[in-house]
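Here is a short walk through one protein chain, with a stop at its charges, its cysteines and a few odd backbone angles. Have the viewer open while you read.

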Amino acid sequence: MDNPLLDHSTLPRFAAISPEHVEPALDELLAANRRVVEQVTGAGGATWDSVVAPLEAMDHRLGRMWAPVGHLNAVVNTPELRAAYNRCLPKLSAYGTELKQNEALFAAFRRVAEGHGSLDPAQRKVLEHALRDFRLAGVALSGEEKARFKGLMEELATLQARFEENLLDATHAWKKHVLEEARLAGLPPGLVDRAREAATAENLEGWLFTLDFPSYHGVLTHAEDRELRREFYEAWVTRASDRGPHAGRWDNTPVMERILTLRHEASTLLGFANYAEYSLATKMAGSPAEVIAFLDELATPSRPAAQRELAEVVELAGRPLEAWDIPFYSERLRRDRFAISDETLRPWFPTERVLAGLFRLTETLFDIEIRQAQPPDSWHRDVGYYEIVDGEGLRGSFYVDLYARSRKRGGAWMDDCVGRARFDDEVHRPVAFLVCNFMPASGKRPPLLTHDEVVTLFHEFGHTLHHLLTRIDYPSVSGINGVAWDAVELPSQFLENFAWEPEVLPMISGHYDTGEPLPQDLLERLLESRQFQTAMQMVRQLEFAMFDFHLHSAPLPPDGQGMESILADVRSRVAVVDYPDFNRFAHGFSHIFGGGYAAGYYSYKWAEVLSADAYEAFADADRVVDPALGQRFLRHVLEVGGSVDAMDAFIAFRGRRPTPEALLRQAGILGDG
Ligand code: ZN
């Protein structure tokens with residue numbers, strides 16, 4: 001069978017990939033990889049070329065096969081593809097655990113490490129990570145414990161996928177059909193048009209709203225109809241839970257409890273006190289106490305500032321507010337104070353213009369060129385494809401898929417399609433997927449972004465550049481690979497800052513209809529609005545981070561109330577909003593239950609401290625788009641990937657260790673001093 005997933009001579013042929021290709025391709029590669037492992041361990045080798053290089057090459061092949069599968073499952077999800085994907089997860093997980101628990105392979109890596117004299121620093125980092133990961137995967141466990149550990153990893157992979165499915169199904173199941181036009185008061189025209197089109201498509205009168213994030217956010221922020229806001233809020237915060245309109249139908253509670261129990265067991269098998277300790281073994285932060293102290297250090301000045309911000313909203317509304325009122329009155333306050341809203345600015349940020357400006361900015365900063373190209377294949381007509389070149393030639397390429405549509409997972413992310421690698425003399429250029437869920441074009445209007453969405457795009461493009469501009473040829477430490485989790489958001493959050501610069505805003509804006517530049521007074525008000533409610537956002541993120549970290553710091557009590565009581569305790573210490581009883585935020589907390597941020601959500605704040613501090617170097621320079629500083633950042637941070645410790649990379653760029661003051665200053669929580 002000609003299986004397109006096994007053809008790596010070109011970029012993925014997405015249209016040719018069908019669900020029945022997935023499992024056979026994986027089976028074939030896993031079998032081939034197992035033969036490589038047998039050869040490597042059987043030969044008793046002790047050199048890089050005889051042990052590590054063949055392993056890196058086979059991982060790279062597997063990555064190339066699996067990347068388009070994971071990607072298609074996320075952006076054009078069908079029941080058949082989802083089923084094929086799910087059948088593969090336990091196989092992949094078992095394979096990964098088996099490799100990392102292979103004692104003969106562990107011994108071979110140790111032999112290479114002993115004779116490491118001739119290796120370069122990046123190669124030594126590959127070995128250091130590999131030996132650490134062998135130990136974390138239980139290579140030193142006895143037979144029975146090792147088998148148990150393997151079973152735990154397989155079950156966890158399946159449970160995490162089920163968490164995501166429940167959430168996706170619950171999200172798609174809810175729709176709001178509105179017949180009275182009066183109920184739409186305040187809503188942005190784009191959102192109303194789209195709801196109208198959705199109703200027409202189903203032969204319905206009126207307007208049909210879905211629960212994708214732009215719709216939810218648009219209603220909460222703009223709907224004057226309080227009951228409509230309450231309905232959307234309740235539907236959103238009870239997804240996949242025991243409460244709300246679909247109570248119990250896709251309830252994630254047992255999945256979450258089982259995930260936490262299994263994670264705790266797995267970490268104690270390896271000799272850690274809890275999962276939080278296990279999580280930190282691969283991170284920049286040194287200990288749970290350091291993380292707790294770090295979060296408290298941010299919370300202490302932020303909470304009183306957040307309480308003052310909330311009081312302003314309550315004062316404007318003139319009455320006590322429920323959780324579903326706060327975004328609406330906050331938006332009103334923002335409009336009163338700055339006379340701008342998300343929607344006022346949208347016409348000045350057509351997607352095409354923003355992308356072009358973002359590309360020009362990074363071309364100048366990093367001395368590269370970004371040009372549109374034709375990929376061999378795509379998965380949707382809206383997808384764009386670009387190449388990055390510099391004086392030496394092609395550095396990498398990326399796909400851009402920006403708009404929300406059905407059967408596409410919510411949120412925004414960058415994922416790797418191909419990692420940079422060199423085997424013998426053959427160089428594989430890195431390739432990335434940049435995915436967002438912005439509101440598509442409607443009627444005569446081209447797709448337009450809110451400024452928040454502009455910032456999201458900058459963020460994901462920061463990840464994209466980190467993945468594509470690496471110069472490291474060993475795939476396990478090239479690009480974003482091998483970078484400590486709590487440092488991996490440094491380039492993305494760093495790049496966000498430029499979306500707020502007077503020097504940059506004219507490059508990325510221009511009225512979609514008239515082409516006029518963003519008026520100076522709007523620009524000034526936008527900049528002033530940057531510090532609006534920053535403390536409320538800070539405590540919300542700290543709430544998520546503390547909840548996650550405490551949840552993974554001890555086993556759940558057996559009373560079935562553990563998660564909710566930890567959440568209530570964290571909220572009592574850091575939150576400023578009163579949440580309704582039915583709020584089941586945790587049931588949709590994909591980062592920690594579906595994805596890899598367990599006991600790691602604090603990483604966002606950790607990396608924000610790094611990125612704000614790094615960015616201050618640019619902000620303090622004569623001009624913010626400073627190619628000389630850009631080159632320093634490129635050389636010390638973007639190009640090195642995971643081949644240098646995150647702290648060493650930061651110090652190489654900044655000349656000292658990071659401090660939290662830059663972030664607190666940027667948020668307006670600390671004065672300029
Ligand atoms: Zn990110």
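What follows is a tour of a predicted model, starting with the salt bridges.

**Salt bridges**

How many salt bridges does the structure hold? The count is 44. As a reminder, side chains of opposite charge can pair when their charged atoms come close. Three of the pairs are set out here.

| Pair | Closest N to O distance |
|---|---|
| Glu 23 and Arg 87 | 2.8 Å |
| Asp 27 and Lys 91 | 2.9 Å |
| Arg 573 and Asp 569 | 3.6 Å |

Start with the bridge between Glu 23 and Arg 87, at 2.8 Å. Glu 23 sits in helix α1 (residues 19-42) and Arg 87 in helix α3 (residues 79-100), so this pair ties together parts of the chain that are 64 residues apart in sequence. Asp 27 and Lys 91 also link distant parts of the chain: Asp 27 belongs to helix α1 and Lys 91 to helix α3, again 64 residues apart. As for cover, Arg 87 is partly exposed at 42% relative accessible area. Asp 27 is partly exposed too, at 35%, and Lys 91 is partly exposed at 28%.

The bridge between Arg 573 and Asp 569 is a local affair. Both residues lie in helix α21 (residues 562-574), and being four residues apart they are separated by about one helical turn. Arg 573 is partly exposed, with 39% relative accessibility, and Asp 569 is partly exposed with 41%. Elsewhere, salt bridges that share partners pull Asp 390, Glu 392, Arg 395, Arg 471 and Glu 639 into one network.

**A negative patch**

Which residues form a negative surface patch? They are Asp 49, Asp 424, Asp 425 and Glu 426. Glu 426 has its place in strand β8 (residues 426-428), and it is partly exposed, with a relative accessible area of 48%.

**Cysteines without partners**

Now for the sulfurs. The disulfide count comes to zero. Why do Cys 417 and Cys 436 not form a bond? A disulfide needs two cysteine sulfur atoms within 2.5 Å. The closest cysteine sulfur to that of Cys 417 is in Cys 436, 17 Å away, so it is too far for a bond. Seen from the other end, Cys 436 has Cys 417 as its closest cysteine, at that 17 Å distance between sulfurs. Both sites are covered: Cys 417 is buried at 3% relative accessibility, and Cys 436 is buried at 0%.

**Positive phi angles**

Most residues other than glycine have a negative phi, which makes the next two worth a look. Phi of Ala 240 is near 55 degrees, a positive value in a residue other than glycine. Ala 240 is in the loop between α9 (226-237) and α10 (253-269). Asp 367 has a positive phi as well, about 55 degrees, and is not a glycine either. Its loop runs between α15 (351-366) and β3 (369-372).

Are these two residues buried or exposed? Ala 240 counts as buried, at 4% relative accessibility, whereas Asp 367 is exposed at 57%.

**One last loop**

Finally, find Glu 501 in the loop between α17 (490-496) and α18 (505-508). Glu 501 counts as buried, with 17% relative accessibility. From the C-alpha atom of Glu 501 to that of His 129 is 38 Å, and the two residues are 372 apart along the chain.

Notes:
Residues numbered from 1 in each chain as written. Predicted model: local features only at pLDDT ≥ 70, side-chain atom pairs only at ≥ 80, totals over all residues. Heavy atoms only, no water. Patch = residues over 30% accessible without salt bridge, like charges linked within 9 Å, V, L, I, M, F, W, Y side chains within 5 Å. Areas by Shrake-Rupley, 256 points an atom, 1.4 Å probe, with all protein chains shown as cover. Salt bridge = Lys/Arg side-chain N within 4 Å of Asp/Glu carboxyl O. Lys, Arg positive; Asp, Glu negative; His and termini not counted. Charge placed at Lys NZ, Arg CZ, Asp CG, Glu CD. Helix = DSSP H or I, 4+ residues; strand = E, 2+ residues; numbered from the N terminus. Buried < 20%, exposed > 50% of the residue type's maximum accessible area, 1.4 Å probe, protein only.
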